[in-house]
Amino acid sequence: MAVALNLKSAPGTALHRKIYQEWREGILSGRFRRGERVPSTRDLAATLGIARSTVTTAYEQLTAEGYFESARGSGTFVCRELPETLLHARRPATASRAAESPVAAEPIRLSRYASELSDPRLLQPPVPAGWLRLSHWRPDLDHFPWAIWHRLMKRHLGSSATHLFDYADSPAGHEPLRREITAYLARSRAVNCSPDQVVVVNGSQQGLDLCTRILIDRGDEVALENPGYQGARQIFQAFGARLTAAAMDSDGVIPASLSPKARLVYVTPSHQFPTGVSMSVARRLELIEWARRHGAVIIEDDYDSEYRYSGAPLPAMQGLAKGVPVFYIGTFSKVMFPGMRIGYVIVPPALAGVFQRVKWLADRQTPLLEQAALADFLREGHLERHTRKMRRVYGRRREVMVASVSKYFGSKAQVLGDEAGMHALVRFEDDGVAARAVANRVQLASSEGYYQGEAPKNEFVFGFSCVTESQLREAIRRLATHT
């Protein structure tokens, strides 16, 4: 083990004493752990470029005072049990004086980007132990076909090919995966693209970040659904965009409400977040025509598109748009598992090159091994089979949630949005719901943070995908129970 010791301080102090002090202070501060092996005197002397006898003198003192112990034939170690007096040793006088009279550090000047990241809601709070959670809309990992995934991963781990462990030929991603994504989206979402337009990214959030980098300058106007996805709003704000609220109704964004100065429009048309509304085909065409007239770009975040529990699937806006630039963003985090961190952006053909260069500067590439396994997962039909299964599971859970809300709250609660996705918006005519949730250990997610401007009272985003039917019934019962 190579150890870094600072021997430049305290001029005039003997070298063996400096070595002794560095080890002693490191042990007491926890830098060197108890029972940890230390370098031999020969190795440390060679590392420091000093005489071995100097190191030996320091080690002998450390051993004598109970910091080091030697085991014949095994080496020298930090003592597991230090003398009680040493554990509570007073700090050196210089350290005490420094603590009593701290010198104020100069504040670090942040970039304009970092200065916009002051919202504490960027990071989700942890779930307290023992609480029922309606605040997350993640996939239920207990139903994922792990045996198949492990087999596909082992297939590529056992391959003699080394290209999966090297830099990628292209930052756009593994070519077989891009071909499979192209075919999958053509079948399921009526997306019109070639593999050259597909860029594999580390989840939809990175895709959105990269889109913003190439489309938005500070001061540009961006239209965002209101209420809308916080993750998009926070990225746009961090890059200095001026946000304008796009009004919503039961068909989605109202194009007539959009500012004609908007450079970009961000929408989640398949299952709007958080309202749960699906944008009608007529409204999609109207928005595309609005973008054509005003020279605007559309970002279509196809959130929750896989899970629709009634009616026929709606075609993606990207496939309907002719001559209007649409960046189509999707992810496998919701339909498979979030830890994979693989998503994709379908880029307009003219911008594929610059998008790849931006991706290259961001992180070079998304891990190739998982991309190769995912390509097989798609090609062999496992994803579509898994999606059909989970559509039934989540659809049933949504039914249980709706029935439970009706049972315990009746007309004093309303479940909003379409029969789709992994979450629903629930509005209560009951001012005590939030307090009862805390008292009865149910974690809720208020919709307040998703609005630009004033938000409705007592409105919450209910995630039903990662809780069982019995947990849903119990959580909603608790919300109605007075303690």
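Q: Before we look at E12, what does buried mean here?
A: Buried means under 20% relative accessible area. The model is a predicted one.

Q: OK, which way do the residues of E12 point?
A: Val326, Tyr328 and Gly330 point one way from E12, while Phe327, Ile329 and Thr331 point the other way. All of them are buried.

Q: And what does that say about strand E12 as a whole?
A: Strand E12 covers residues 326–331, and 6 of the 6 are buried, so the strand is largely enclosed by the rest of the structure.

Q: Which strands pair with E12?
A: Strand E11 (residues 297–301) pairs with E12 in the parallel sense over 4 bridges. Ile298 stands opposite Val326 there. Strand E13 (residues 343–346) pairs with E12 in the antiparallel sense, over 4 bridges, and Thr331 faces Gly343 in E13.

Q: Changing topic: what is the strand order in the sheet with E14?
A: The order is E14-E15-E18-E17, an open sheet of 4 strands with antiparallel pairing.

Q: Why do E14 and E17 each have one side without a neighbour?
A: Strands E14 (413–416) and E17 (445–446) stand at the edges with a single partner strand each, so one side of each has no neighbour in the sheet.

Q: How many bridges join E15 and E18?
A: Strand E15 (residues 423–428) and strand E18 (residues 459–463) pair over 5 bridges. His423 is opposite Gly463 in E18.

Q: Which helix lies across E14, E15 and E18?
A: Helix H15 (residues 382–409), which runs at about 160° to E14.

Q: Last one: which residues make the nonpolar surface patch of about 400 Å²?
A: Tyr167, Trp360 and Leu361 make that patch. Trp360 sits in helix H13 (residues 352–363) and is partly exposed, at 34% relative accessible area.

Note on methods: Residues are numbered from 1 along each chain as its sequence is written. This is a predicted model: local features need pLDDT of at least 70, side-chain atom pairs count only at pLDDT 80 or more; totals for chains, interfaces and linings use all residues. Side-chain values use heavy atoms; hydrogens and water are left out. Two strands pair if DSSP finds at least two bridges between them. Helices (H or I, at least four residues) and strands (E, at least two) are DSSP runs, numbered from the N terminus. Contact means heavy atoms within 4.5 Å. Axes are lines fitted to C-alpha atoms, for helices over the stretch in contact, and angles run from 0 to 180 degrees between N-to-C directions. Patches are made of residues with over 30% relative accessible area and no salt bridge: like charges are joined within 9 Å, nonpolar side chains (Val, Leu, Ile, Met, Phe, Trp, Tyr) within 5 Å. Accessible areas come from the Shrake-Rupley method with a 1.4 Å probe; for residues, only the protein chains shown count as cover. A salt bridge is a side-chain nitrogen of Lys or Arg within 4 Å of a carboxyl oxygen of Asp or Glu. Buried means under 20% relative accessible area, exposed over 50%, partly exposed in between (1.4 Å probe, protein chains only).
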